[in-house]
Amino acid sequence: MVEYILGNYLIQSGKLTDEYFNGIIEKLDKVHVRLGIIAVAEGMMSIEQADEINQLQSAVDKRFGDIAIEKGYLTEAQINNLLKAQGNTFMTFIQALVNEGFINLREIDNILEAFRIKNSFSKTDMEILKRNDTDVVIPLFLTNETLQYQDIISIAIRTIIRCIDRHVYIGKASLLNGITLHNASVQLVDGENGFVSAFAEKDGGLLELSSIFGQEQFSYINDDSLDAAGEFLNCINGLHASALSQKGDILELMPPQLVSGSAKITGQVCSIPIFIKNKQFDFIVKNLR
């Protein structure tokens, strides 16, 4: 996530072009190694154990390392060593920029300070961002008013990272007094603590999500692409509903509704921009209680 957040800033400030940025990302992808592969290569886990955890991740909202510890396959100390071996994405990205000659060592501090000021981040926030840990980065993009939606937003982003694109990144969330959706997939989750959520097209991002999840290249928004987005939304809402059920909430997922024209959601609504390959769509959430 951090490589796209910082990379997009560098593009906007004219220090990097889309073409050069995509080239750097391709190089990062070639060196990124999943924890399971490292664990197997180091003899810490069997291939069968790694495959089992990968399968479980498609059904439960947990990280590879957390599941491995629960299963007794790895210890917390081993997970920490694996994460160090995997490398820090922020440092790898900065090193790649330096290696390619886009920035030099003397510029790094000034660039990061300008980025910090523009985004109203504290120095502590910047240290959190550098860790590139989804669960601690997401709150940086939430306001006090939208923190109540942190759980479902975190589930959405983690699921997109696992199933769609690990380079997904987000913008600042906002609390709106109602919203009109155009070209969206909307789902009601009914119950005492029910909610409504939606994926809404903005700038090609929903097409990217639908194409990857639906395993079909959609060229424009239609019922098929919205249906694919709705199926993925159902997965996210199902994970969130399962987490709430552990607290005693009984929730029922209604079939996703496809909005090819326009539809309005009234009342207070949280909207957060999500970017896949620098193309935006919005994740909309409204609590019903």
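**Exercise 1. State how much surface the chain exposes and what share carbon and sulfur supply.**

Solution. The exposed area is about 14,800 Å². Carbon and sulfur atoms supply 47% of it. Areas follow the Shrake-Rupley method with a 1.4 Å probe; for residues, only the protein chains shown count as cover.

This is a predicted model: local features need pLDDT of at least 70, side-chain atom pairs count only at pLDDT 80 or more, and totals for chains, interfaces and linings use all residues. Residues are numbered from 1 along each chain as its sequence is written, and side-chain values use heavy atoms, leaving out hydrogens and water.

**Exercise 2. Decide whether the radius of gyration agrees with that of a compact globule.**

Solution. Take the rule over C-alpha atoms: 2.2 Å times the number of residues to the power 0.38. For 289 residues it gives a value near 19 Å. The chain has 20 Å, which agrees. The C-alpha trace spans about 50 × 50 × 40 Å along its principal axes.

**Exercise 3. Find which residues of helix H5 are buried, and where they lie around its axis.**

Solution. Helices here are DSSP runs of H or I, at least four residues, numbered from the N terminus. H5 covers residues 64–71. Its buried residues (under 20% relative accessible area, 1.4 Å probe, protein chains only) are Phe64, Gly65, Ile67 and Ala68. Seen down the axis, they fall within an arc of 160 degrees, so they line one face of H5. The arc uses directions from the helix axis to the C-beta atoms. Gly72 follows H5, with a positive phi near 80 degrees.

Definitions and conventions
Buried < 20%, exposed > 50% of the residue type's maximum accessible area, 1.4 Å probe, protein only. Helix = DSSP H or I, 4+ residues; strand = E, 2+ residues; numbered from the N terminus.
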